[in-house]
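User: Please go through this chain with me in questions and answers, with the reasoning shown each time.

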Amino acid sequence: FIKVCSGVLKGEDVLYNPNSDAEEKPGKLYVMCGNKPTEVSELFAGDIGAVAKLSNTATGDTLATKNTQIMYPKTDYPVPYTYSSHSPPYGKIRCRW
């Protein structure tokens with residue numbers, strides 16, 4: 001998923017990823033309606049959409065144009081205080097189909 005923070009994003013735009021120093025072309029843009037993607041031609045500021053096949057982009061990366069390189073800070077995720085694992089109460093559970 002992608003959130004457009006400013007401007008307009010079109011499918012034919014070339015975006016720059018400052019984290020990997022690479023250019024990306026989004027291709028098709030989608031807006032999700034439940035679990036069904038709907039193809040759109042452009043996304044406006046504030047829209048949340050979906051983009052497929054970005055090869056040099058990871059979660060949390062900022063995409064901008066080469067002329068105006070904007071870099072948003074990375075999101076810090078908290079470390080959980082406790083860890084636990086669960087196992088079945090009576091050993092292995094067998095499923096008979």
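**Strands, pairing and a charged pair**

Analyst: In this predicted model, the chain has eight strands and zero helices.

User: Which strand pairs with β5 over five bridges, and in what sense?
Analyst: Strand β5 covers residues 29-33, and its pairing over five bridges is with residues 36-40. One of the bridges joins Cys 33 to Lys 36. Two residues lie between the strands of this hairpin, and Gly 34 in the turn has a positive phi of about 75°. The sense is antiparallel, and the partner is β6.

User: Which residue of β8 is the bridge partner of Tyr 30?
Analyst: Strand β5 also pairs with β8, in the antiparallel sense and over two bridges. Within that strand, the bridge partner of Tyr 30 is Ala 50.

User: Which side chains form the salt bridge of the structure?
Analyst: The structure holds one salt bridge, in which a nitrogen and an oxygen lie 3.1 Å apart, and its side chains are those of Lys 74 and Asp 61. Both residues sit in the segment after β8 (48-51), and they are 13 residues apart.

User: Is Lys 74 buried, partly exposed or exposed?
Analyst: The class partly exposed lies between under 20% and over 50% relative accessible area. Because its relative accessibility is 48%, Lys 74 counts as partly exposed.

User: What share of the chain's exposed area do carbon and sulfur atoms supply?
Analyst: Buried residues make up 19% of the 97 residues. The chain exposes about 8,200 Å², and the share from carbon and sulfur atoms is 55%.

How values were computed: Residues numbered from 1 in each chain as written. Predicted model: local features only at pLDDT ≥ 70, side-chain atom pairs only at ≥ 80, totals over all residues. Heavy atoms only, no water. Helix = DSSP H or I, 4+ residues; strand = E, 2+ residues; numbered from the N terminus. Buried < 20%, exposed > 50% of the residue type's maximum accessible area, 1.4 Å probe, protein only. Areas by Shrake-Rupley, 256 points an atom, 1.4 Å probe, with all protein chains shown as cover. Salt bridge = Lys/Arg side-chain N within 4 Å of Asp/Glu carboxyl O. Pairing = 2+ DSSP bridges.
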